[in-house]
Amino acid sequence: AGWHDTEPGESGRDWQWSQKQATLGCRNPGRDVRFYLEADQPGMAALGSPQRVELRIGDAVIDTFSPPAAGDSVIRRFDIPAGQLGAGETVEMTLSVDKTFVPAEVPVLKSSDRRELGVRVFRAYVQPM
């Protein structure tokens, strides 16, 4: 939930835009994991100031960061202990942003895109350790 359809990139790298809040889910490996997230923010000029992205599992904040502008994607990498993943068969992580934008409402973009866009995500990956 909270994701727009996958979009193809010119260089063959696909991405998905989040909305203000989006859910990432995976099967619970029952052990410590390393989580990777690659993202950027090509709409930086539309936001007016740096955007804040927050990742949570339940009520626990796992990571917060400000994504870079387009072309300078950041790869966030951090370890999550098994106890923080819970006891369920699946793990849900919530990605939320403090501000979004609608391209059609930003004159300089000259876009008809009416979607509310959060952050552009290229990849999310969970690696059991």
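This tour moves through a predicted model, from its two sheets to its nonpolar cores and aromatic pairs, and ends on individual residues.

**First stop: the sheet with strand 1**

Begin by selecting strands 1, 8, 3 and 6, which form an open sheet of 4 strands in the order 1-8-3-6, with antiparallel pairing. The edges of this sheet are strand 1 (16-17) and strand 6, each of which pairs on one side only. To follow the sheet across, start where strand 1 meets strand 8, an antiparallel pairing over 2 bridges, and look for Gln16, which stands opposite Val121 in strand 8. Next comes the pairing of strand 3 with strand 8, also antiparallel and made over 8 bridges; here Arg34 can be selected together with Gln127 of strand 8, which stands opposite. Then turn to strand 3 and strand 6, which pair in the antiparallel sense over 7 bridges, and where Tyr36 has Arg77 of strand 6 standing opposite. In general, strands of a sheet pair through backbone hydrogen bonds, either parallel or antiparallel.

**Second stop: the sheet with strand 2**

Now hide that selection and show strands 2, 7, 4 and 5, an open sheet of 4 strands with the order 2-7-4-5 and antiparallel pairing. Its edge strands are strand 2 (21-27) and strand 5, and each of them pairs on one side only. If you view this sheet along its strands, bear in mind that neighbouring strands are turned by 20° against each other on average, direction ignored. For a closer look, choose strand 2 and strand 7, which run antiparallel and are joined by 7 bridges; within this pairing, Gly25 stands opposite Glu92 in strand 7.

**Third stop: the nonpolar cores**

Which residues have the most contacts inside the largest nonpolar core? Select Phe35, Leu55, Ile80 and Leu95, which hold that position in a core of 19 residues. To see which elements contribute, colour strand 3 (33-40), strand 4 (53-57), strand 5 (60-65), strand 6 (74-80) and strand 7 (90-97), since each of these supplies at least two residues of the core. As a general background, nonpolar side chains tend to be buried together in soluble globular proteins.

Keep Leu55 selected and display its surroundings: leaving aside neighbours within four places in sequence, Leu55 is in contact with residues including Phe35, Leu37, Val61, Ile62, Phe65, Phe78, Met93 and Leu95. The contacts of Leu55 also include Asp63 and Thr94.

Before leaving the cores, select Trp15, Trp17, Leu47 and Leu117, which are included in a second, separate core of 7 residues.

**Fourth stop: two aromatic pairs**

A search of the whole structure finds 4 aromatic pairs, and two of them are visited here. Show Phe35 and Phe78 as sticks: these residues form a tilted pair, with 5.4 Å centre to centre and 50° between the planes. Because Phe35 lies in strand 3 and Phe78 in strand 6, this pair ties together parts that are 43 residues apart in sequence. Phe35 and Phe78 are both buried.

Then move to Tyr36 and Tyr125, whose ring centres are 6.1 Å apart and whose planes meet at 40°, so this pair is tilted as well. Here too the pair links distant parts of the chain, with Tyr36 in strand 3 and Tyr125 in strand 8, 89 residues apart. Are these tyrosines buried or exposed? Tyr36 is partly exposed, at a relative accessible area of 24%, and Tyr125 is partly exposed too, at 45%.

**Last stop: Arg120 and Pro128 in strand 8**

Finish on strand 8 (residues 120-128), where Arg120 is found. Arg120 has 11% relative accessibility and therefore counts as buried, the cut-off for buried being under 20%. Add Asp40 to the selection, and you can follow the polar contact of 2.8 Å between the side chain of Arg120 and that of Asp40.

Finally, select Pro128, which also has its place in strand 8 and which, at 38% relative accessibility, counts as partly exposed. Not counting residues up to four places away in sequence, Pro128 touches Pro29, Arg31, Asp32 and Val33. A distance drawn from Pro128 to Ala82 gives 9.5 Å, C-alpha to C-alpha, for two residues that are 46 apart in sequence.

Notes: Residues are numbered from 1 along each chain as its sequence is written. This is a predicted model: local features need pLDDT of at least 70, side-chain atom pairs count only at pLDDT 80 or more; totals for chains, interfaces and linings use all residues. Side-chain values use heavy atoms; hydrogens and water are left out. A nonpolar core is a set of buried Ala, Val, Leu, Ile, Met, Phe, Trp, Tyr and Cys residues joined through side-chain atoms within 4.5 Å. Buried means under 20% relative accessible area, exposed over 50%, partly exposed in between (1.4 Å probe, protein chains only). Contact means heavy atoms within 4.5 Å. Two strands pair if DSSP finds at least two bridges between them. A polar contact is a pair of N or O atoms within 3.5 Å; within protein, one must be able to donate a hydrogen and the other to accept it, and residues adjacent in sequence count only if both atoms are side-chain atoms. Axes are lines fitted to C-alpha atoms, for helices over the stretch in contact, and angles run from 0 to 180 degrees between N-to-C directions. Rings of Phe, Tyr and Trp (its six-membered ring) pair if their centres lie within 6.5 Å; planes under 30 degrees apart count as stacked, over 60 as edge-to-face and the rest as tilted.
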